[in-house]
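Student: Could you take one part of this model and walk me through it closely? I'd like to know what it packs against, and then how that fits into the rest of the assembly.

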Amino acid sequence: MRLRAGWIALLCAAGLYLIVLITGRTGLLNPYWLQIFQFAGIMTVSGLGLNVIYGYTGQFSLGHAAFYGIGAYTAAFITKSAATGGWMLLPALLAGAVAAGLVAFLIGMPILRLRSDYLGIATLGFGIIVKVLFDNSDAVLPTLGGSRGMTGIPHFTSWTWVFLCVIGAVLLVRNFVYSSHGRACISVREDEIASEAIGINTTQYKTLGFVLGCSLAGLAGGLYAHLYTFLHPMNFDFLKSLDVLLIVVLGGLGSISGTVVAACAWTLLLEGLRVVLPTEILDWRLVIYPLLLIVVMLLRPKGLFGGNEFRFLKPEERR
Amino acid sequence: MSALLEIRDLTKDFGGLRAVAAFHLELRPGELVGLIGPNGAGKTTVFNLITGMISPTVGEIRLAGENLVGYPPHRITHRGIARTFQNIRLFNDLSVLDNVRIAYHPYAGYRLIEGVLRLPRFHRREREIVEQAHELLGIFGLSDRAPELARNLPYGDQRRLEIVRALAARPKLLLLDEPAAGMNAGEIQKLMELIHFIRDRFKLTLLLIEHQMRFVMSICERLAVMDFGEIIAEGTCREIQNDPKVIEAYLGKGVHTGGSGATPAAPPPEGRR
């Protein structure tokens, strides 16, 4: 059964990829919407990262956009200074992910001993510090542009790149959470004291979850930088962290399927409303979507998926 | 035979309160010892000290001669001590199988990268872990419940699942904090048989806290009695039953015939403090 579900999922994914690719090439899908599709994929990767941190490991982070930004600036700096072909995107994305992961490791060691709300405040503070650093980055590296923004980043991100990253992130997170190491992270979320008592090094697994999640944010940031070719510190402030948090909670904590669906729905809805709504009430867009959020939370407090998964994302039940 | 667990001069102060005072205890390999005492005597604090959940103010704890003081709980578990909790601490939103599988993590035997890339060793080890977990659950009659969420198990099963999970951590010494709490007479009888069985099967040394005297008296080979953080008596069940200090701790001072008559009636054993 699972095998068939897996094939169907693969076919659907390949179909979606081809449809967007072909309609994008032929101009049926205008470049604006192609960009939105790519942005939805980027939000998916970033959301999956936060889901590993908050949904699976249970560590409340409000600084996700900071790591997204670190990845974006790192990747953009590399491609901009190297000034070579499109293949540079791969090392740049990896460098962005590694940089975000490294910073997460260093900042995680002192702050991950805090619990829930306190960790939230600490990550929030870290996010603000990073934003200020971006604002003043031109003092150290003029290329980064500081508060005027970073321009002239090559447009390397394509639908194929985004699609591959989404598939890679989904598989990575799925394989991780259904492994012994992932279970160790989940046990930290469930009961830290009991985890220690059965021999789980909770500090180590909190750090692992945090670093993995932040690396995914860094990867997403790299894609973002090479999609819009312009970076501004405003794009990495607290509100952007909140967007990702909303996606993860809306989709369901601890659900890969939920994050994917919520990230796509959230991005497309936000842009879709822009098209559908008449101009005079366009500004109400930002009222409609929080309202939607409230309604969903009332009807499905555990998120759209509530910890469940599409069947192809679940490992087979043995015996 | 040399002691498996050696505790000397163990003292723990919480601010001005001395919860455990100059506690001492020795467990020989294979022993089944009960730690009893009125509520608030400091029994669970002793468990928390042994397992490293809290660190002692002063004192020495050694397992097979190796110092345990100052190590984090997971390291102490790796050395060979597992425990259950008075208020059951299962991973409620995970399946029964996952509860046990998580405890196998230190023995998972594959690296993170092998798990993420789904290399052959991952599949082989995961299969073995599931088999072992089922075997262990089978001993406790929980194998059929493997896919259910832990929170949906009846109370007695939850207590037993917690013991299964502790056993999966492969302890030499198992600490049980009120394993029979909330069980009926039939369940207690089964639990006693199980404890004897797992002791022989897994070559365990057991230390248990329990309030049900009939259970303690019929299962433990030796008892240590605590009151106000101190050991007040130690010995076989028969010796303990007749120890005047123990009777005093549980029942209060006896009313002397012909005395002043001012001594209040003995409070019930559990409600002294």
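**A helix of chain A and its surroundings**

Tutor: Let's start with a small patch: A:H64, A:A65 and A:Y68 of α3(A) touch A:K240, A:S241 and A:V244 of α10(A). Sorted by class, the residues of this contact of α3(A) with α10(A) come out as three nonpolar, two polar and one charged. Keep in mind that this is a predicted model, so every value here is computed from predicted coordinates.

For the geometry, α10(A) covers residues 238-251, and its axis runs 7 Å from that of α3(A) at an angle of about 110°. That makes the pair roughly perpendicular.

Now go to the other partner in chain A. Helix α3 of chain A, residues 64-82, also packs on helix α9 of chain A, residues 202-228, with axes 6 Å apart and an angle of about 50°. At that angle α3(A) is oblique to α9(A), and the crossing is right-handed. On the α3(A) side, the contact is made by A:H64, A:F67, A:Y68, A:G69, A:I70, A:G71, A:A72, A:A75, A:A76 and A:T79. Facing them from α9(A) are A:C214, A:A217, A:G218, A:L219, A:A220, A:G221, A:G222, A:Y224, A:A225 and A:H226. By class, that contact has twelve nonpolar and eight polar residues, with no charged ones. Two names are worth tracking if you're colouring residues: A:H64 and A:Y68 belong to the contact with α9(A), and A:H64 and A:Y68 also turn up against α10(A).

Zooming out to the chain around this helix, chain A has twelve helices and zero strands, so the pattern along its sequence is simply α-α-α-α-α-α-α-α-α-α-α-α. Its radius of gyration is 19 Å, close to the 20 Å from the globule rule for 319 residues, so chain A is as compact as a globular protein of that length. Along the principal axes, its C-alpha atoms fill a box of roughly 55 × 50 × 40 Å.

Next, the step across to chain B. The contact between the chains takes 23 residues from chain A and 32 residues from chain B. Several elements of chain B each put at least two residues into its side, namely α2 (73-79), β6 (81-83), α3 (96-103), α4 (112-116), α5 (120-139) and α6 (155-168). That side of chain B has 17 nonpolar, eight polar and seven charged residues.

One helix pair spans the two chains: α7(A), residues 180-190, and α3(B) have axes that come within 9 Å and cross at roughly 110°. The two are therefore roughly perpendicular. Here A:R183, A:A184 and A:S187 meet B:D98, B:R101 and B:I102, and by class that is two nonpolar, one polar and three charged.

As for chain B itself, it has ten helices and ten strands. Its radius of gyration of 21 Å is close to the 19 Å that the globule rule gives for 273 residues, so chain B too is as compact as a globular protein of its length. Its C-alpha box is roughly 80 × 40 × 35 Å along the principal axes.

Finally, confidence. The model scores ipTM 0.87 and pTM 0.90. Chain B averages a pLDDT of 89, and 92% of its residues score at least 70. The stretch to watch is residues 257-273 of chain B, where pLDDT is below 50, although the model gives this stretch 15 contacts beyond near neighbours in sequence. Predicted coordinates should not be read in detail where pLDDT is low.

How values were computed: Residues are numbered from 1 along each chain as its sequence is written. Chains are lettered from A and ligands numbered from 1 in the order in which they are written. This is a predicted model: local features need pLDDT of at least 70, side-chain atom pairs count only at pLDDT 80 or more; totals for chains, interfaces and linings use all residues. Two residues are in contact if their C-beta atoms, placed from the backbone, lie within 7 Å. Helices (H or I, at least four residues) and strands (E, at least two) are DSSP runs, numbered from the N terminus. Ala, Val, Leu, Ile, Met, Phe, Trp, Tyr, Cys and Pro count as nonpolar, Asp, Glu, Lys and Arg as charged, and the others, Gly among them, as polar. Axes are lines fitted to C-alpha atoms, for helices over the stretch in contact, and angles run from 0 to 180 degrees between N-to-C directions. Angles under 35 degrees count as roughly parallel, over 145 as roughly antiparallel, 65 to 115 as roughly perpendicular and the rest as oblique. A crossing is left-handed if the near helix is turned anticlockwise from the far one by less than a right angle, and right-handed if clockwise. pLDDT is the predictor's confidence in each residue, from 0 to 100. The radius of gyration is taken over C-alpha atoms; the globule rule is 2.2 Å times the number of residues to the power 0.38.
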